[in-house]
Amino acid sequence: MLTHALIGDEGRTIELGWKDGTRTRFHAMWLRDNALDDKTRSAGNGQRLITILDIPAETRISGALIKASALEISFVPEQKTVRFPTAWLNANAYDRGEARQTGWTDVGIKRWTGATMQGSVPRADYATASRDRDVLRRWLSAVRAYGFAVMDGLPAESGALCKVSDLFGYIRETNYGRWFEVRAEVNPSNLAYTNLGLQAHTDNPYRDPVPTLQILSCIENTVEGGESSVVDGFAVAAALRAENPEGFRLLSSWPARFEYAGSSGVRLQAKRPMIELGPDGELICIRFNNRSLAPTVDVPFADMDAYYAAYRRFAELIEDPSFEVTFKLEAGQAFIVDNTRVMHARKAFSGTGKRWLQGCYADKDGLLSTLAAIEHGFKEAAE
Ligand code: FE2
């Protein structure tokens with residue numbers, strides 16, 4: 001509910017007062033560009049029909065009228081009046097008082113540690129998730145919030161992991177194939193295909209862009225050891241920032257280099273930081289993989305000592321068991337990780353018995369799109 005609308009700065013801005021006492025300002029140009037009328041946006045697909053150059057640079061607000069659940073704004077020199085629902089204005093307000101702290105994440109992102117997650121791993125049964133949209137919604141929404149979830153009840157057979165990605169999107173095919181085998185091999189092309197333990201890592205930081213989701217499914221697991229574990233990279237990065245802001249700054253402001261050239265015809269290389277921030281300081285991606293870290297050549301000589309100390313501390317925190325959630329993947333189970341955030345690890349395992357996993361990549365934007373569409377459908381049904 002709006003209490004007032006005050007035009008300011010000779011029509012360049014408008015201040016809206018809300019019933020709870022808060023005030024939010026908008027710019028005339030911003031409002032005009034985001035007008036919701038059918039000359040500005042297609043009524044069919046919602047896409048914008050005009051360009052910024054169709055809007056006069058001297059656009060001003062000439063009048064504003066509060067209606068029951070909307071605000072009508074008139075713009076000059078176009079002599080155009082546009083209706084903005086108050087709920088829309090509230091949802092799209094950008095006039096924030098406080099500055100965000102470097103490394104901030106969206107309110108929907110829930111950081112976790114072993115203590116908060118070990119006993120409450122998000123999981124769903126495949127058959128249930130594939131027929132019940134609400135179960136699927138909750139599982140996808142756990143991936144959004146925690147960057148990790150388990151799926152039970154898959155067939156323990158080759159290719160079953162595609163059923164998981166089919167629930168929300170598409171597999172991202174790479175040089176490793178549509179999916180790849182994770183089992184002990186003689187002369188492996190990748191250390192993942194051995195019985196060695198693997199330090200917690202994100203996959204394929206040598207790709208640009210990195211695969212944003214990874215699915216690992218288990219077809220057989222009768223070895224001693226070989227447990228999987230996951231670590232919330234966003235929680236670890238926050239811990240590093242809290243205890244060593246300068247180390248966080250170094251890892252997020254200088255690029256690392258990653259490379260994979262383990263099989264013939266492939267030389268993948270990427271230059272990206274271990275902790276990636278967006279232009280507004282949002283924490284957007286963790287890249288951490290000892291196997292594919294190439295020589296770091298972009299950090300200035302004067303900063304290299306401190307950079308390596310920060311890298312070491314980041315690694316120590318990642319290895320700290322308090323951040324870790326461990327589970328043994330059984331035949332017919334899979335887990336999904338947000339590969340821009342959650343690291344996965346494997347304990348070493350014995351030579352007796354068999355451990356056969358398969359892995360594939362998929363895209364987070366597709367998962368989030370499917371989730372948003374399901375949520376939108378539920379909202380519409382409720383209205
Ligand atoms: Fe991996």
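1. Trp-112 and Phe-148 are both buried in this predicted model. The centres of their rings lie 5.9 Å apart and the ring planes meet at 40 degrees, so the pair is classed as tilted. Trp-112 sits in the loop between α2 (86-91) and α3 (114-117), whereas Phe-148 belongs to strand β8 (residues 148-152). The two residues are 36 positions apart, and their pairing links distant parts of the chain.

2. This pair belongs to a wider set, for the structure holds 16 aromatic pairs. Ring pairs also join Phe-26, Trp-30, Phe-84, Trp-88 and Tyr-94 into a cluster. Two members of that cluster, Phe-26 and Phe-84, reappear below as strand residues: Phe-26 is in β3, and Phe-84 is in β6.

3. As to the overall layout, the chain has ten helices and 21 strands. Its C-alpha atoms fill a box of roughly 80 × 60 × 45 Å along the principal axes. Of the 383 residues, 47% count as buried. Among contacts between residues at least 6 apart in sequence, 72% join residues at least 24 apart.

4. The chain is divided into domain 1, covering residues 2-91, and domain 2, covering residues 114-374. The centres of the two domains, taken over C-alpha atoms, are separated by 43 Å.

5. Strands β1, β2 and β3 form an open sheet in the order β1-β2-β3, with antiparallel pairing. The edge positions are held by β1 (2-8) and β3 (23-27), each of which has a single partner strand, so one side of each is left without a neighbour in the sheet. From one strand to the next, the twist averages 20 degrees. Strand β2 (residues 13-18) pairs with β3 over five bridges in the antiparallel sense. Within this pairing, Phe-26 of β3 is the bridge partner of Ile-14.

6. A further run of antiparallel pairing involves β4, β5 and β6. Strand β4 (residues 60-66) pairs with β5 over six bridges, and a hairpin of three residues connects the two strands. Here Val-76 of β5 is the bridge partner of Arg-60. On the next pairing, β5 meets strand β6 (residues 80-85), again in the antiparallel sense and over six bridges. Leu-71 stands opposite Phe-84 in β6.

7. Which residue in the hairpin of β5 and β6 takes a positive phi? Gln-79 does so, with a value near 55 degrees, in a hairpin that has three residues between the strands. As for the surroundings of β5 (residues 70-76), five of its seven residues are buried, so the strand is largely enclosed by the rest of the structure.

8. Helix α7 (residues 233-243) is also largely enclosed by the rest of the structure, because eight of its eleven residues are buried. The buried residues are Gly-233, Phe-234, Ala-235, Val-236, Ala-237, Ala-238, Leu-240 and Arg-241. They pack against several elements: the strands β13 (228-232), β16 (275-277), β17 and β20, and the helices α8 (245-253) and α9.

9. The iron ion is coordinated by His-201 through NE2, Asp-203 through OD and His-344 through NE2, at 2.1 to 2.2 Å. In sequence, these donor residues follow the spacing H-x1-D-x140-H. Asp-203 lies in the loop between β11 (198-201) and β12 (213-221), while His-344 lies in strand β20 (residues 342-346), so the pair ties together parts that are 141 residues apart in sequence. Both Asp-203 and His-344 are buried. Strand β20 is also one of the elements against which the buried residues of α7 pack.

10. Ser-292 lies in the loop between β17 (283-286) and α9 (301-319). Is this residue buried or exposed? Ser-292 counts as buried, because its relative accessibility is 5%, and the cut-off for that class is under 20%. Leaving aside residues up to four places away in sequence, Ser-292 touches Pro-205, Tyr-206, Arg-257, Phe-258 and Glu-259. The elements on either side of its loop, β17 and α9, are among those that pack against the buried residues of α7.

Conventions:
Residues numbered from 1 in each chain as written. Predicted model: local features only at pLDDT ≥ 70, side-chain atom pairs only at ≥ 80, totals over all residues. Heavy atoms only, no water. Donors = N, O, S within 2.8 Å, 3.2 Å for Na, K, Ca; no water. Helix = DSSP H or I, 4+ residues; strand = E, 2+ residues; numbered from the N terminus. Buried < 20%, exposed > 50% of the residue type's maximum accessible area, 1.4 Å probe, protein only. Pairing = 2+ DSSP bridges. Axes fitted to C-alpha atoms, helices over the stretch in contact; angles between N-to-C directions. Domains from an automatic or database assignment. Contact = heavy atoms within 4.5 Å. Phe/Tyr/Trp six-rings, centres within 6.5 Å; stacked < 30°, edge-to-face > 60°.
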